[in-house]
Amino acid sequence: MSVPAPTPVEPIRLTGTQWLICVIAAIGFAFDIYELLMLPLVIGPALKELADITPAKKEQFALWFGLLFYVPAVCGGIFGLLGGYMTDRLGRRRVLTWSILLYAFSAFAAGFSTSLPMLLFFRTTTFIGVCIEFVAAVAWLAELFDNHNQREKVLGYTQAFSSIGGLLVAVASGLILQYANALPAISLPKFLNLFGGEIANTHAAWRYTLMSGLIPAIPLIVIRPFLPESPKWAQKKAAGTLRRPSIAELFSPELRRTTIVTTIMFAASYGVAFGAIQQMPQIVGGIDAVKKETGEKVAAAKAKEMESEPDKEKATKAAGIAAGRVAGEIRQKKAAEYTKAQEVGGLVGRFGLALLVIYFASRRTLLRVFLIPGMILTPIIFVLFARGQEYTFFSADISWIPGFHGFHISLLGIGIFLAGLFTVAQFSFWGNYLPQAYPVHLRGTGESFAANIGGRMIGTPFAAVTQYLATMENVIPGGSPEARTAYVAAGIAGTLFLVNLIMSCFLPEPKADQE
């Protein structure tokens with residue numbers, strides 16, 4: 001006897017409450033990436049100011065670069081997994097709200113750092129909030145709509161705001177670099193006095209960039225009273241039918257394959273992002289045009305200091321400080337330009353997935369649309385970066401637009417756009433796939449295991465792996481730290497794309513909507 005197929009639920013117009021939920025989720029998605037992508041942009045000047053550590057001090061730079069990526073990732077993975085469990089126990093709305101507040105205020109406090117341990121502490125609490133927020137937001141949105149296609153579109157389009165967040169942090173970084181000296185001087189507030197120390201540069205651009213992470217807390221505080229709980233979760237909770245979540249259940253015979261495969265693949269996706277794409281601030285200094293501009297402006301800055309200070313010893317010291325500042329600003333501006341190109345590519349990838357998701361019955365096939373070209377092109381793109389020639393096709397001065405210093409279309413710019421497209425689209429894929437892979441009582445826990453144990457704890461530390469391998473001068477080709485970093489990024493990207501392509505053969509196709 002055949003069982004009749006369930007009647008499809010017709011899509012409905014979004015209510016005001018549903019729009020509010022989508023808005024706050026989109027803000028959360030945008031700013032969790034905003035918070036994460038701050039670090040590659042600010043880590044260089046932060047290490048320089050707080051401990052006088054530069055890439056020339058290879059061992060120290062690799063150590064603290066690794067710590068600032070790895071420790072927050074491990075702690076974020078552990079607490080993120082706990083947050084996923086709490087999402088299933090306490091509800092989606094409550095956990096989402098507190099996670100956004102945690103990462104927003106932590107990012108703001110990080111801007112007052114007087115030492116590397118203090119910066120590490122607040123980057124860790126920021127990471128914890130981000131790890132929890134993603135899981136709660138995806139679970140909440142997945143349970144808001146009964147129509148399958150409508151749910152897929154909402155998940156796809158709201159997650160596209162993650163790339164807008166990446167674009168925003170690049171623009172914000174450019175604006176702050178331009179106007180940092182006009183902003184109020186930063187002084188250590190009383191509630192942070194327990195960390196001790198003093199703020200050396202009270203107008204440091206990297207500090208203002210970190211502080212801008214407070215922005216998402218403002219709309220959340222306004223909108224929070226109007227946000228309802230997830231209807232499906234609330235109904236089961238009220239009826240007493242909500243089963244207790246269990247991490248062990250993720251490895252039951254029915255779910256074991258899903259859990260293991262998605263965790264490995266999520267790790268590989270994040271590994272490409274942090275082990276390759278987010279290395280751009282460490283790579284751009286090796287581009288020929290950047291080296292030329294740096295040499296000219298550093299020489300001018302040194303000459304200015306030597307002329308203005310009659311004491312030769314003081315002049316030499318001041319010239320060295322000015323040279324480091326100028327070189328850092330040039331690299332940061334160029335890194336922000338490439339970050340914008342990469343995030344525009346990621347935005348196109350996310351919207352592309354949102355458009356394609358309802359036309360592919362097979363999730364494996366949909367994912368391979370991005371994996372196969374990414375596996376071929378991304379390593380080639382980073383090898384081109386290692387060679388350092390931009391091949392600019394078009395250039396225009398658009399410094400009259402706040403946050404922008406110039407507009408360039410170059411071979412490398414097109415390359416990083418494509419790398420961002422094929423890599424970032426995978427994150428939206430996981431946001432659509434994972435809610436369908438687990439029942440309601442396990443949805444937050446299951447998503448959290450893949451995203452936090454796989455993505456955050458295993459994938460994110462590839463940033464440190466790249467830097468560690470790049471120190472091996474006798475093993476890795478390239479005559480500079482920038483070139484070696486680019487070659488390592490090419491190898492990591494190609495390897496991890498291949499891992500995901502192979503693992504996609506074992507990715508279970510999701511069942512019909514699970515309750």
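Where is the place of Leu-411? Leu-411 sits in helix 15, and the first view picks it up there. Keep in mind throughout that this is a predicted model.

**View 1. A nonpolar patch on the surface that includes Leu-411.** Six residues make up this patch: Tyr-391, Phe-393, Phe-394, Ile-409, Leu-411 and Ile-414. Together they offer about 560 Å² of accessible area. Two elements, strand 1 (392-396) and helix 15 (411-437), each contribute at least two of the patch residues. Leu-411 itself counts as partly exposed, because its relative accessible area is 31%.

**View 2. Helix 1 and its kink at Val-42.** Helix 1 runs over residues 16-51, which makes 36 residues. At 1.5 Å a residue you'd expect a span of 52 Å, and the end C-alpha atoms are 50 Å apart, so the two values agree. There is still a bend to look at: a kink of about 55° lies at Val-42, shortly before the proline Pro-45. As for its surroundings, 26 of the 36 residues are buried, so helix 1 is largely enclosed by the rest of the structure.

**View 3. Asp-52, just after helix 1.** Asp-52 follows helix 1 and belongs to the loop that leads from there to helix 2 (58-90). What is the sign of its phi? The phi of Asp-52 is positive, about 55°, although the residue is not a glycine. For background, most residues other than glycine have a negative phi. Asp-52 is partly exposed, since its relative accessibility comes to 37%. Asp-52 also takes part in a network of salt bridges, together with Lys-48 and Lys-57.

**View 4. Helix 2, from its kink to the glycine that follows.** Here 33 residues reach 46 Å from the first C-alpha to the last, close to the 48 Å expected at 1.5 Å a residue. The kink in helix 2 is about 25° and is centred on Leu-67. After the helix comes Gly-91, with a positive phi near 115°.

**View 5. A salt bridge between two buried residues, Arg-92 and Asp-88.** How many salt bridges does a search of the whole structure find? The search finds eight, and this close-up shows the one that joins the side chains of Arg-92 and Asp-88, at 2.8 Å from N to O. In general, side chains of opposite charge can pair when their charged atoms come close. Arg-92 counts as buried because its relative accessibility is 0%. Asp-88, at 1%, counts as buried too.

**View 6. Lys-334 with two acidic partners, Glu-337 and Glu-390.** With Glu-337, the side chain of Lys-334 meets in a salt bridge at 3.5 Å, N to O. These two are three residues apart in helix 13 (residues 312-356), so about one helical turn separates them. The other salt bridge of this view pairs Lys-334 with Glu-390, and their closest N and O atoms are 3.0 Å apart. That pair links distant parts of the chain: Glu-390 is in the loop between helix 14 (363-387) and strand 1, Lys-334 is in helix 13, and 56 residues lie from one to the other. Lys-334 is buried, with a relative accessible area of 11%, and Glu-390 is buried with a value of 11%.

**View 7. Gln-278 in a loop between two helices.** Helix 10 (256-275) comes before this loop and helix 11 (280-283) after it. Is Gln-278 buried or exposed? Gln-278 is buried, because its relative accessible area is 6%. Setting aside neighbours within four places in sequence, Gln-278 is in contact with Leu-37, Pro-40, Ala-273, Gln-342 and Glu-343.

**View 8. Pro-508 and its contacts from elsewhere along the chain.** Pro-508 lies in the segment after helix 18 (481-503). With a relative accessibility of 15%, Pro-508 counts as buried; the cut-off for that is under 20%. Which residues does Pro-508 contact, leaving aside neighbours within four places in sequence? They are Arg-257, Thr-258, Arg-364 and Tyr-433. One more distance to check in this view: the C-alpha atoms of Pro-508 and Thr-262 are 9.2 Å apart, while 246 residues separate the two along the chain.

Note on methods:
Residues are numbered from 1 along each chain as its sequence is written. This is a predicted model: local features need pLDDT of at least 70, side-chain atom pairs count only at pLDDT 80 or more; totals for chains, interfaces and linings use all residues. Side-chain values use heavy atoms; hydrogens and water are left out. Helices (H or I, at least four residues) and strands (E, at least two) are DSSP runs, numbered from the N terminus. Buried means under 20% relative accessible area, exposed over 50%, partly exposed in between (1.4 Å probe, protein chains only). Contact means heavy atoms within 4.5 Å. Patches are made of residues with over 30% relative accessible area and no salt bridge: like charges are joined within 9 Å, nonpolar side chains (Val, Leu, Ile, Met, Phe, Trp, Tyr) within 5 Å. Accessible areas come from the Shrake-Rupley method with a 1.4 Å probe; for residues, only the protein chains shown count as cover. A salt bridge is a side-chain nitrogen of Lys or Arg within 4 Å of a carboxyl oxygen of Asp or Glu. The expected span of a helix is 1.5 Å times one less than its number of residues. The bend at a residue is the angle between axes fitted to the seven residues ending there and the seven starting there.
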